[in-house]
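Biologist: Please show me the model, and let us ask of each term why it applies.

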There are 2 protein chains.
Amino acid sequence: MALKISPETYVNQIDNSWPDGVKKTRQRVEIYNILSTAKEPLSAAEIFARVLENNKEAGYAFSTVYRSLLAFEKAGMVTKSVLVSEDTAVYELNSGKIKHYAVCLKCHKKISLKGCPLSNLRPVLSTEGLEDFMVTGHQIEIYGYCKNCRMDMV
Amino acid sequence: MALKISPETYVNQIDNSWPDGVKKTRQRVEIYNILSTAKEPLSAAEIFARVLENNKEAGYAFSTVYRSLLAFEKAGMVTKSVLVSEDTAVYELNSGKIKHYAVCLKCHKKISLKGCPLSNLRPVLSTEGLEDFMVTGHQIEIYGYCKNCRMDMV
DNA sequence: TTTTTAAATGCGAATGATTTGCAGTTAAAT
DNA sequence: ATTTAACTGCAAATCATTCGCATTTAAAAA
């Protein structure tokens, strides 16, 4: 059962990881909290849906979600990625850890891979033409069908 | 200097790799040829631009490019992928070989990786929760800045 | 070769995700 | 408390991609 935490408490909890230069607004704090409790990377639409649940009457703009995510991303607080098997971008808190997923093509469930199969990038980059390429990131995605969906397929 | 080859010759050249069940039209042959001479995977827009160069007056629909690519993809003739660093899908002939790229975030140049760093997928899939996951494919993308763009950055 | 027919095309309109312009708030610096 | 740059809501604009439908065409059948 989930604890009830006041907005003020939330704000305090995230004080440490909130980057300078990003204005801390009610909307952004809420988006941050949604991301921090998410078990999967979320799309802007999924985030907005959760926002609306908490703001049944208050006005709230979809564009604010996008703009906040962009601000978070620029500040290095959030990672955006586009999975092959989906047509929307997903966002997750940049924990510096998990980054890669196995994605079910049917139910779209995302299972995070423990660790990174490319942790030793050097050998990969020995490819000719890549000698002077400055690597800033990489993504690995494995797709197929999860246990449940395999069963559904009969 | 490029050789001049008649359309008829083109058609003959690709007779072997053209899959059954895919009607061979002037438009599709042209798209196929564009893909087969491309050095990078191309977006639908890039393909369409090249089509227009060859068809300065003849009518040609953007949607035909999409529909042809979809038909090719279904027939296993073409591979579609969405790169993290781009917002459009790119297509390439399914040679059964190269599939992974290093992408420059600035000029969008794509450098194909020789071989696949995940050729031994098994160890990766030992992740808990993935035991019963049926893998049908994967994608690896490395991004950063290519030699030229690094220089431009001063 | 002519006929037949399912599949492909052109065209424009529809969709869905994401972005943007602008006028009205608001966080946070003074 | 005042000021101001940054943020928000809202609606309209974009951009990639898909779809409906009437017309055309490749290729199967006669």
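Modeller: Strand β2 of chain A and strand β3 (residues 89-93) of chain A run antiparallel and are joined by five bridges. This is a predicted model, in which local features need pLDDT of at least 70, side-chain atom pairs count only at pLDDT 80 or more, and totals for chains, interfaces and linings use all residues. Residues are numbered from 1 along each chain as its sequence is written, chains are lettered from A and ligands numbered from 1 in the order in which they are written, and side-chain values use heavy atoms, without hydrogens and water.

Biologist: What makes β2(A) and β3(A) a pair?

Modeller: Two strands (E runs in DSSP of at least two residues, numbered from the N terminus) pair if DSSP finds at least two bridges between them. Five bridges join β2(A) to β3(A), so they are a pair. Within β3(A), A:V90 stands opposite A:S81, and A:E92 is the bridge partner of A:T79.

Biologist: How do you know that β1(A) pairs with β3(A)?

Modeller: Two bridges join these antiparallel strands, so the requirement is met. A:S43 has A:V90 as its bridge partner in β3(A). The open sheet has the order β1-β3-β2.

Biologist: Why are β1 (42-43) and β2 (78-82) of chain A called edge strands?

Modeller: Each of them pairs on one side only.

Biologist: What makes helix α2 (residues 26-37) of chain A a neighbour of the sheet?

Modeller: Helix α2 (a helix is an H or I run of at least four residues) packs on the sheet and touches β1, β2 and β3 of chain A. Contact means heavy atoms within 4.5 Å. The direction of α2 makes about 85 degrees with that of β3(A), where axes are lines fitted to C-alpha atoms, for helices over the stretch in contact, and angles run from 0 to 180 degrees between N-to-C directions.

Biologist: Why is β3(A) described as mostly covered?

Modeller: Four of its five residues are buried, that is, under 20% relative accessible area (1.4 Å probe, protein chains only).

Biologist: How do you know that A:K23 makes a polar contact with DNA strand D?

Modeller: A polar contact is a pair of N or O atoms within 3.5 Å; within protein, one must be able to donate a hydrogen and the other to accept it, and residues adjacent in sequence count only if both atoms are side-chain atoms. An N or O atom in the side chain of A:K23 is 3.1 Å from a base nitrogen of strand D, so the pair qualifies. A polar side-chain atom of A:T64 lies 2.4 Å from a phosphate oxygen of strand D.

Methods
Buried < 20%, exposed > 50% of the residue type's maximum accessible area, 1.4 Å probe, protein only.
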